[in-house]
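These are my notebook entries on a structure I went through at my desk, set down in the order in which I looked things up. The sequence and structure come first, and my notes follow.

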Amino acid sequence: MKVRIKFKKYGVMKFIGHLDIMRYFQKAMRRADIPIAFSGGYSPHMIMSFANPLGVGLTSAGEYFDIELTEPVDSDLAVKRLNDVMVEGMEVISFVEISEDKKKTGMAIVAAADYISSVKNGELPVDWKNKAKDFIMQDEILITKKTKKSEKEVNIKPMIYKFEVRENSVYTLLATGSVENLKPGLVMEAFTQYLGEAFSSIAFSHHRLEVYANVGSEENRELVSLESLGTKIEA
């Protein structure tokens, strides 16, 4: 049985990197007595895959990983057991059964994620909300993408599905996954550059709201949360 687990990451846990988060959940599985399956061979390991791991310094209300079970566990009971062994800054939200189809698991189906970005230090211009509308109405939004060997200009506009002002923050829905992957920090960097050099040093904090799969086509995108693709287990 394949299972998808959704969890929150907040507080000081935002400074913990992906590999440590993975090790943390491996220990949590044992402590919570979750009957997770192991791989075969000389060096067996827990069958566990994370969907688009969050970068260090970001908080999230919608992180996911998939596991395999050797026997069914009631969803509500599994959530309780896991939360009983969680530390502050981590909270399991759901535990649902998913399809056996490999194409519908983990990173392969991730298509988008949305974020709230708020000013961490610095101050935006008085008319920044109006300028935000002008920014996203541009035909192109060019950024310089640097690699170890070179740098090139990339148009990120097609990867920004939504860019909206919400109170004193910016909401973005961005392409995410193995095909295209746009980080909110890069979008906000492009926005501050658009505002002018005087605002280029402004720093933002980013909070991920949800991760989505596309159940429609590329032309007619239909985004649904990874959680919604599973069903509750009643054992």
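Before anything else I fixed my terms for exposure: I call a residue buried under 20% relative accessible area, exposed over 50%, and partly exposed in between. I also note that what I have is a predicted model.

**Entry 1: salt bridges around Lys-6**

I began with the charged pairs, for which the count comes to nine salt bridges. The side chains of Glu-210 and Lys-6 meet in one of them, at 2.8 Å from N to O. I placed Glu-210 in strand β10 and Lys-6 in strand β1, so this pair ties together parts that are 204 residues apart in sequence. Both Glu-210 and Lys-6 are buried.

I then found that Lys-6 also forms a salt bridge with Glu-227, where the closest N and O atoms are 3.2 Å apart. This pair again links distant parts of the chain, since Lys-6 is in strand β1 and Glu-227 is in the loop between β11 (223-225) and β12 (231-232), 221 residues apart. I looked up the exposure of each partner: Lys-6 has 8% relative accessibility and therefore counts as buried, while Glu-227, at 24%, counts as partly exposed because that value falls between the two cut-offs.

**Entry 2: Glu-63 and Arg-208**

Another salt bridge that I followed joins Glu-63 to Arg-208, with the closest N and O atoms 2.9 Å apart. Glu-63 lies in strand β3 and Arg-208 in strand β10, so the pair connects parts of the chain that are 145 residues apart in sequence. Glu-63 is buried, with a relative accessible area of 4%, and Arg-208 is buried as well, with a relative accessible area of 1%. Returning to the pairs of Entry 1, I noted that Lys-6, Glu-210 and Glu-227 are joined into one network by salt bridges that share partners.

**Entry 3: Asp-66**

I stayed with strand β3 (residues 59-68), where Asp-66 lies. Asp-66 has 7% relative accessibility and so counts as buried. Its side chain is joined to that of Arg-4 by a polar contact of 2.8 Å.

**Entry 4: Ser-75**

What does the side chain of Ser-75 reach? I found Ser-75 in helix α2 (residues 75-84), and at 3% relative accessibility it counts as buried. Its side chain reaches the backbone oxygen of Phe-95 at 2.6 Å and the backbone nitrogen of Ile-233 at 2.7 Å. Leaving aside residues up to four places away in sequence, Ser-75 touches Phe-95, Val-96, Lys-232 and Ile-233.

**Entry 5: the nonpolar cores**

Next I turned to the nonpolar interior. The largest nonpolar core has 34 residues, and those with the most contacts inside it are Ile-156, Ile-160, Phe-163, Phe-191 and Leu-226. At least two residues of this core are supplied by each of β5 (110-121), α3 (128-136), β8 (160-166), β9 (169-175), α4 (184-195) and β10 (203-214). The largest share, five residues, comes from α4. Apart from this core lies another, of 27 residues, which includes Met-13, Ala-28, Met-29 and Met-90.

I also listed the neighbours of Ile-156: not counting residues up to four places away in sequence, Ile-156 touches Ile-141, Ile-143, Leu-182, Val-187 and Ala-190.

**Entry 6: a nonpolar patch on the surface**

Which residues make a nonpolar surface patch of about 320 Å²? I found Val-12, Phe-15 and Val-56 there. Val-12 is placed in the loop between β1 (2-9) and α1 (18-31), and with a relative accessible area of 60% Val-12 is exposed.

**Entry 7: positive phi values**

Last I checked backbone angles, keeping in mind that most residues other than glycine have a negative phi. Asp-33 is a residue other than glycine with a positive phi, near 60°. Asp-33 lies in the loop between α1 and β2 (48-51), and its relative accessible area of 56% makes it exposed.

Asn-52 is not a glycine either, yet its phi is positive, at about 50°. Asn-52 lies in the loop between β2 and β3. Is Asn-52 buried or exposed? At 8% relative accessibility, Asn-52 counts as buried.

Technical notes
Residues are numbered from 1 along each chain as its sequence is written. This is a predicted model: local features need pLDDT of at least 70, side-chain atom pairs count only at pLDDT 80 or more; totals for chains, interfaces and linings use all residues. Side-chain values use heavy atoms; hydrogens and water are left out. Patches are made of residues with over 30% relative accessible area and no salt bridge: like charges are joined within 9 Å, nonpolar side chains (Val, Leu, Ile, Met, Phe, Trp, Tyr) within 5 Å. Accessible areas come from the Shrake-Rupley method with a 1.4 Å probe; for residues, only the protein chains shown count as cover. A salt bridge is a side-chain nitrogen of Lys or Arg within 4 Å of a carboxyl oxygen of Asp or Glu. Helices (H or I, at least four residues) and strands (E, at least two) are DSSP runs, numbered from the N terminus. Buried means under 20% relative accessible area, exposed over 50%, partly exposed in between (1.4 Å probe, protein chains only). A polar contact is a pair of N or O atoms within 3.5 Å; within protein, one must be able to donate a hydrogen and the other to accept it, and residues adjacent in sequence count only if both atoms are side-chain atoms. A nonpolar core is a set of buried Ala, Val, Leu, Ile, Met, Phe, Trp, Tyr and Cys residues joined through side-chain atoms within 4.5 Å. Contact means heavy atoms within 4.5 Å.
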